[in-house]
Amino acid sequence: MTRSYKIALIKGDGIGPEIIEEAVKVLDAVSYAEGFELKYDEYLLGGAAIDATDDPAPKETLEGVKQADAVLFGAIGGEKWDNLPREKRPETGLLKLRKEMEVFANIRPVTVYNELVNASTLKPSVVQGVDLIVVRELIGGIYFGQPRGNDGNKAFNTMVYSKPEIERIARVAFDIAMKRSKRVCSVDKANVLDVSQLWRDTVEEIAKEYPEVTLTHMYVDNAAMQLIRDPKQFDVILTGNIFGDILSDEASMLSGSIGLLPSASIGEKFGLYEPIHGSAPDIAGQGIANPIATIASAAMMLRYALNEEVAAGRIEQAIKQTLSEGYRTQDLSSYDAKEVCSTSEIGSIIANY
Ligand code: ATP
Ligand code: MG
């Protein structure tokens, strides 16, 4: 029996449809080569959904994605919908989708492609050999904690984590570390915050289930500094919602272009895979968007949702090969480009390795 999987595709707005098309091209090539089958169902979210149904997160999408083995998502949003009331905006649709799928772990690998390091005109500079993953808790902590409020005179939010919430995100980080260099650095503010002390104690307990993994702890202020000072010291960074929000954006800039980095948001049952960048309306429809972040997200989908590790590795290798031969989209044209290619040319080159 051939292995067969159902993928929910959400193309979204702006460059979303262009970059998803390239990811599908690459997925089709690698699944054919590795002997499994992918079936796609398309769903609407964000601006495209508003235009078609007057709802940024139609019921059909929220329910449909649960029938799939994984969701591959482009990007949403654009000026056209910016003046709508908050509950009608594209971004609200995405938050609803994440909540509905209960994706509590946000995983962001930051890879510096050595193929870009030797480029003569580096802008911005990248650090050779960086290869880390930020594992951020996504649906708890101070962004969601109760009580919260603002009476115009006094305002407050509450950072809350329960032990089970910490345990499940810690296991995600340790499981990932087991497939890598087996090092987890847990980031908190345990010198000041009680919630961080529970975080630290709980992570210590989970670490006992993974004797091969080395666990260290770091205060968040120091972690922010260390990411700039010596980013190569990190393998897996495990942290809560707000610290992870800040550190993952900081870490992403180590790589050179926002168009390169993928992400996965996973829960007990579902997984959502998307580039870290937005819908880039300023370059939509011109065929110049970099599809690599989305193609790398598709590789993460194969690895984490479908357990197709070999195929995932093939895609990652093909991306490296493409960059090492000097093929670049416009955003990377100053990194020793041999040839500046369109979105679809880069997709085809990667698909053909
Ligand atoms: P969001 O709020 O959805 O994160 P944003 O406006 O903050 O969106 P992006 O849409 O990510 O940011 O775009 C930021 C800049 O990066 C834009 O100038 C955009 O053209 C560029 N950019 C984003 N993604 C890509 C890509 N894949 N290839 C090339 N350039 C990109
Ligand atoms: Mg943004």
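## Pairing of strands

Two strands pair if DSSP finds at least two bridges between them. In this predicted model, strand 1 (residues 3-12) and strand 2 meet that condition with 7 bridges, in the parallel sense. Within this pair, Ala8 stands opposite Asp41 of strand 2.

## The sheet

Strands 1 and 2 belong to an open sheet of 10 strands, whose pairing is mixed. The order across the sheet is 2-1-3-12-11-4-5-10-8-9. Strand 2 (36-42) and strand 9 (214-219) are the edge strands, each pairing on one side only. From one strand to the next, the twist averages 25 degrees.

## Strand 4 and its neighbours

Strand 4 covers residues 105-111, and 6 of its 7 residues are buried, so this strand is largely enclosed by the rest of the structure.

In the sheet order, strand 4 stands between strand 11 and strand 5. Strand 4 and strand 5 (residues 131-137) run antiparallel and are joined by 7 bridges; Val110 has Leu132 of strand 5 as its bridge partner. Strand 4 also runs antiparallel to strand 11 (residues 262-266), with 3 bridges joining the two. Here the bridge partner of Ala105 is Ile266 in strand 11.

## Helices 8 and 9

Helix 8 (residues 220-229) and helix 9 (residues 241-252) have axes that come within 10 Å and cross at roughly 10 degrees. Angles under 35 degrees count as roughly parallel, and the two helices are therefore roughly parallel to each other. Helix 8 contributes Val220, Ala223, Ala224 and Leu227 to the contact, and helix 9 contributes Phe243, Leu247, Glu250 and Ala251. By class, the residues of this contact are 7 nonpolar and 1 charged, with no polar residue.

Both helices also lie across strands. Helix 8 lies across strand 8 (183-188) and strand 9, and runs at about 105 degrees to strand 9. Helix 9 lies across strand 4, strand 5, strand 8 and strand 10 (236-239), with an angle of about 155 degrees to strand 5. Strand 8 thus appears under both helices: helix 8 lies across it, and helix 9 lies across it too.

## Surroundings of ligand 1

There are 13 residues around ligand 1, and those that come nearest are Gly259, His277, Gly278, Ala280 and Asn290. The shell around ligand 1 consists of 5 nonpolar, 6 polar and 2 charged residues.

Definitions and conventions
Residues numbered from 1 in each chain as written. Chains lettered and ligands numbered in written order. Predicted model: local features only at pLDDT ≥ 70, side-chain atom pairs only at ≥ 80, totals over all residues. Near = placed C-beta within 6 Å. Nonpolar A, V, L, I, M, F, W, Y, C, P; charged D, E, K, R; others polar. Axes fitted to C-alpha atoms, helices over the stretch in contact; angles between N-to-C directions. Helix = DSSP H or I, 4+ residues; strand = E, 2+ residues; numbered from the N terminus. Parallel < 35°, antiparallel > 145°, perpendicular 65-115°, else oblique. Contact = placed C-beta atoms within 7 Å. Buried ≥ 20, exposed ≤ 12 C-beta atoms within 10 Å, placed from the backbone.
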